[in-house]
Amino acid sequence: MELDERKLKILQAIIKNYLETGEPVGSRTISKFTDLNLSSATIRNEMSDLEELGYIIQPHTSAGRIPSDKGYRLYVDTMMQNRMQEVEQMWDALNDKADRMESLLQQVAKLLAVNTNYATLVTGPQYRSRKVKFIQLTDVDETQILAVIVLEGNIVKNKILPLAAGLNKEDILKLNIVLNTYLQGLDMSEINLSVIAKLKEQSDGMGNVISDLLDAIAQAISEEEDIQVYTSGTTNILKYPELSDSHVASDLLYALEEKKTLTEFMNENSEEHGIQVYIGQETPVESMKDCSVVTATYEIEDGIYGRIGIIGPKRMDYEKVVGTLQTLKSQLDDIFKKNKEQ
């Protein structure tokens, strides 16, 4: 007998409920837990079939059912298959989106440089919130395990973790279930002592591995991303006598090419959504002390943002620059909103 969609949904409901409560699961609980709209009697019949097939067991008479190893295996294999399909679709969509995004931001930088006659820069998208989307553990050998951590925004981190003692396939299976059950949708501020206690309670003596995995997740969430910076019109600064001195110009041109410095500067005050103006000594980049920099934050969607900057002499046309940035921000908002709706 193969599992039809109804039996599979009931099995998944039993496993999810058991993972959350640690108690055997009865038909009444399942009737409330699923969207199948089945009577308790029908669910009992389906549960009897699942027990006969070896996917669930009844620990003692008159008790509810709990998953068997076979049930766990089907649950994880199904979950992993679905997740891998999601990851493949995610990468296809992400690569297409990234190509279009890169082209758009390069065009934005060029358009600004031509329109203002100053140097311009635009940073690629960054993520304010990094919640756990999916975790997959795979054994490398007896002494190491690979943790693939997918964060919100489809950021993928790979961590190799050493093991004091080897884990068998069933251990890894249980860890995958427990981690994804309790951590999906959480960021580090939400992974509190209560969550950690539940993880360790459900991990059957693998508390040390859980601790190492939580450290790896914390590191993945806190790691800085390599942010792409697009620049244009760098030679425009040579048009202004106060910036065309060989020493001043070379330092300024170098700063515009030094992506790390630009990224750190553009990340400052990134929570501010309005127009920011830095004049002379207010600019944190030493080689830009003779310049003014005007920046604005664009937002693709909630929690995903980037920065736009215009660099010119302190006597720049502030009214024109601010007006241009405000118009551009509005146009980008419309573009990103339309892309999100499609």
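**Buried and exposed sites in the predicted fold**

At a relative accessibility of 48%, glutamate 257 is classed as partly exposed; residues count as buried under 20% relative accessible area, as exposed over 50% and as partly exposed in between, with a 1.4 Å probe and protein chains only. The structure is a predicted model, in which local features need a pLDDT of at least 70 and side-chain atom pairs count only at pLDDT 80 or more, whereas totals for chains, interfaces and linings use all residues. Residues are numbered from 1 along each chain as its sequence is written, and side-chain values use heavy atoms, with hydrogens and water left out.

Glutamate 257 belongs to helix 9 (residues 246-257); helices (H or I, at least four residues) and strands (E, at least two) are DSSP runs, numbered from the N terminus. Its C-alpha atom lies 8.1 Å from that of threonine 231, although 26 residues separate glutamate 257 and threonine 231 along the chain. The chain as a whole has eleven helices and eleven strands, and 45% of its 342 residues count as buried. Contacts (heavy atoms within 4.5 Å) often span long stretches of sequence: among those between residues at least 6 apart, 61% join residues at least 24 apart.

In soluble globular proteins, nonpolar side chains tend to be buried together. A nonpolar core is defined here as a set of buried Ala, Val, Leu, Ile, Met, Phe, Trp, Tyr and Cys residues joined through side-chain atoms within 4.5 Å. The largest such core holds 29 residues, of which Leu137, Leu167, Leu179, Leu183 and Leu199 touch the most other members. At least two residues of this core come from each of strand 5 (132-141), strand 6 (144-151), strand 7 (155-162), helix 5 (169-183), helix 6 (193-202) and helix 7 (207-222). Helix 7 supplies the largest share, seven residues. A second, separate core contains 22 residues, among them Ile10, Ala13, Met47 and Tyr72. Within the largest core, the contacts of leucine 199, leaving aside neighbours within four places in sequence, are with Val178, Leu179, Tyr182, Leu183, Ile210 and Leu214.

Two of the strands that contribute to the largest core, strand 5 and strand 6, are also paired with each other; pairing requires that DSSP find at least two bridges between two strands. Strands 5 and 6 run antiparallel and are joined by eight bridges. A hairpin of two residues connects strand 5 to strand 6. Glutamine 136 has valine 148, in strand 6, as its bridge partner.

The end of helix 4 and the loop that follows it were examined next. Threonine 116 lies in helix 4 (residues 69-116) and is buried, at 6% relative accessibility. A polar contact (a pair of N or O atoms within 3.5 Å; within protein, one must be able to donate a hydrogen and the other to accept it, and residues adjacent in sequence count only if both atoms are side-chain atoms) runs from the side chain of threonine 116 to the backbone oxygen of leucine 112, at 2.7 Å. Beyond four places in sequence, threonine 116 is in contact with Ile310, Lys320 and Thr324. Asparagine 117 is located in the loop between helix 4 and strand 3 and is partly exposed, with a relative accessibility of 32%. Its phi angle is near 70°, a positive value in a residue other than glycine.

The loop between helix 4 and strand 3 (119-123) also holds tyrosine 118, whose ring partner, tyrosine 240, lies in the loop between strand 8 and helix 8 (241-244), 122 residues apart from tyrosine 118. Rings of Phe, Tyr and Trp (its six-membered ring) pair if their centres lie within 6.5 Å, with planes under 30 degrees apart counted as stacked, over 60 as edge-to-face and the rest as tilted. A search of the whole structure finds one aromatic pair. In this tilted pair, tyrosine 118 and tyrosine 240 are 5.7 Å apart centre to centre, with 40° between the planes. Tyrosine 118 is buried at 7% relative accessibility, and tyrosine 240 is likewise buried, at 12%.

Serine 232, in strand 8 (residues 229-232), has a relative accessible area of 15% and is therefore buried. Its contacts, not counting residues up to four places away in sequence, are with Ala109, Lys110, Ala113, Tyr118, Ala119 and Thr120.
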